[in-house]
Amino acid sequence: MLHAGSTSVTVVDARSSRTTAAIALDERYAAHNYSPLPVVAASAEGAWITDVDGHRYLDCLAAYSAVNFGHRNPVIIAAAHHQLDAVTLVSRAFHSDRLGPFCEALARLCGKDMVLPMNSGAEAVESAIKVARKWGADVKGVPAGRANIIVARNNFHGRTTTIISFSDDETARGGFGPFTPGFRAVPFGDAQAMAAAIDEHTVAVLLEPIQGEAGIIVPPADFLPRVRRLCTDNNVLMIADEIQSGLARTGRTFACDHWGVVPDVYLLGKALGGGVVPLSAVVADRDVLGVLHPGEHGSTFGGNPLAAAIGSTVIGILETGEYQSRSTELGTHLHTRLAGVPGVTAVRGMGLWAGVDIDARFGTGKQVSLRLAERGVLVKDTHGHTLRFAPPLVITRDEIDWAVDRFADAMASGT
């Protein structure tokens, strides 16, 4: 059994028959669109996951920021149970008593007028693309079929057909064409290149304030403020994809807050559902979201009463500022400790979000993540030799030290 604060390094035994059987069943019947670590979760609480054999793991991935407030956060779970006893789904064919309060609270949190609730993060991105094009046609006067959207290279906004149309990831693109036109990619962090790409038919700039899948890439300090000015000067919507970076992950409610930038459109998801349900949203002022009319966009589950109740609870948690403070304070400690591990060549990020580059002599990112899992710590690799650390924001300082000590041991065991 693994426990935080232990001074010895505990290595999980070889796979049991229960683990092997569960993995075999997944591999037999679940489509192979992921390559998961050989850990079979059975329960979770706070920052910890327990597998089918009773081994405990410190979760330093938090479902890509979907579990910011901890597994089975008691306040969120209580709200879910309460709503389960009332009504869970009516579709948008009717009103519900949970939708209006949720949209009001989220609009207030973002300083905007309106909310378009959806389910997955990719749905929020797709919805924003539609809204931006409709805004371009109805408000900016862009001729039909001429609208373009500027994106950043090495972006990650999801894996739907339209989104991979402007992705650099050939694994996500290969064999899935033809692709959707209307996008122009420029280097992330290069405001000059962005300025050169904008023309009279540009309707939006779509960016992650900090690129997540690319390895937690933080832009130059002047980049987002310059993008904001470019969008204002050229009558272009600035769309911030805060699906991973938002909702306290970086130490602020939104990553854009670090640069004092307010986008025209926020895209939110993952943590908005409290780690319980899929919930995403497009949040903007009325002059942007007001371009949508009945029948032009929709979702059967978007804004359902269960999700809305949970989302309202998440917003209430964020309004206390507790998790933003925890992410700031503990994030500084996490980054300092990670930077001191032999074999680490770079640590990037903000708050409790770190991209860690490792020397190839110590193994690939996948190899190190497997060795870490054996030691009771769950992280995920990206781009060969980068690991991402994004623990639930309920993690403690002692648990961070415990995880980093095991990371150092996992690194050393590969040399």
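The largest cavity of this predicted model holds about 50 Å³ of space. A search of the whole structure finds three cavities of 30 Å³ or more. The points below treat two of these cavities, then an open sheet of four strands and finally helix 9, which spans residues 223-233.

**Cavities**

- The largest cavity is lined by 13 residues, and those closest to its centre are Val90, Ser91, Arg92, Gly303 and Pro305.
- By residue type, the lining of the largest cavity comprises five nonpolar residues, seven polar residues and one charged residue.
- The second largest cavity encloses about 40 Å³ of space.
- Its lining consists of Cys60, Leu334, Phe389, Pro391, Ile395, Ile400, Ala403 and Val404.
- In the lining of the second largest cavity, eight residues are nonpolar, while no polar and no charged residues occur.
- Helix 14 (residues 397-412) gives the most to the lining of the second largest cavity, contributing three residues.

**The four-stranded sheet**

- The strands of this open sheet follow the order 1-2-3-13, and their pairing is mixed.
- Strand 1 (41-45) and strand 13 (377-378) are the edge strands, as each of them pairs on one side only.
- Strand 2 (residues 48-51) and strand 3 (residues 56-59) run antiparallel and are joined by three bridges.
- Within this pair, threonine 50 stands opposite arginine 56, and isoleucine 49 has tyrosine 57 as its bridge partner.
- Four residues lie between strand 2 and strand 3, and the two strands form a hairpin.
- Glycine 54, in the turn of this hairpin, has a positive phi of about 90°.
- Strand 3 and strand 13, by contrast, run parallel and are joined by two bridges.
- The bridge partner of leucine 58 in strand 13 is valine 377.

**Helix 9**

- The buried residues of helix 9 are Phe223, Leu224, Val227, Arg228, Leu230 and Cys231.
- These residues lie on the same side of helix 9 because they cover an arc of only 165° around the axis.
- An α-helix has 3.6 residues a turn, so residues three or four places apart point the same way.
- Thr232 and Asp233 are exposed, and they sit on the face of helix 9 turned away from its buried side.
- The buried residues of helix 9 pack against three elements: helix 8 (191-197), strand 7 (202-207) and strand 8 (237-241).
- Asparagine 235 follows helix 9 and has a positive phi, near 55°.

Note on methods:
Residues are numbered from 1 along each chain as its sequence is written. This is a predicted model: local features need pLDDT of at least 70, side-chain atom pairs count only at pLDDT 80 or more; totals for chains, interfaces and linings use all residues. Side-chain values use heavy atoms; hydrogens and water are left out. Two strands pair if DSSP finds at least two bridges between them. Buried means under 20% relative accessible area, exposed over 50%, partly exposed in between (1.4 Å probe, protein chains only). The arc is that of the directions from the helix axis to the C-beta atoms. Contact means heavy atoms within 4.5 Å. On a 1 Å grid over the protein atoms alone, a cavity is a set of points where a 1.4 Å probe fits but cannot get out, and a pocket is an open set with protein on both sides within 12 Å along at least five of seven lines; lining residues have an atom within 4 Å of a point. Grid points are joined across faces, edges and corners, and a volume is the space filled by probe spheres set on the points. Ala, Val, Leu, Ile, Met, Phe, Trp, Tyr, Cys and Pro count as nonpolar, Asp, Glu, Lys and Arg as charged, and the others, Gly among them, as polar.
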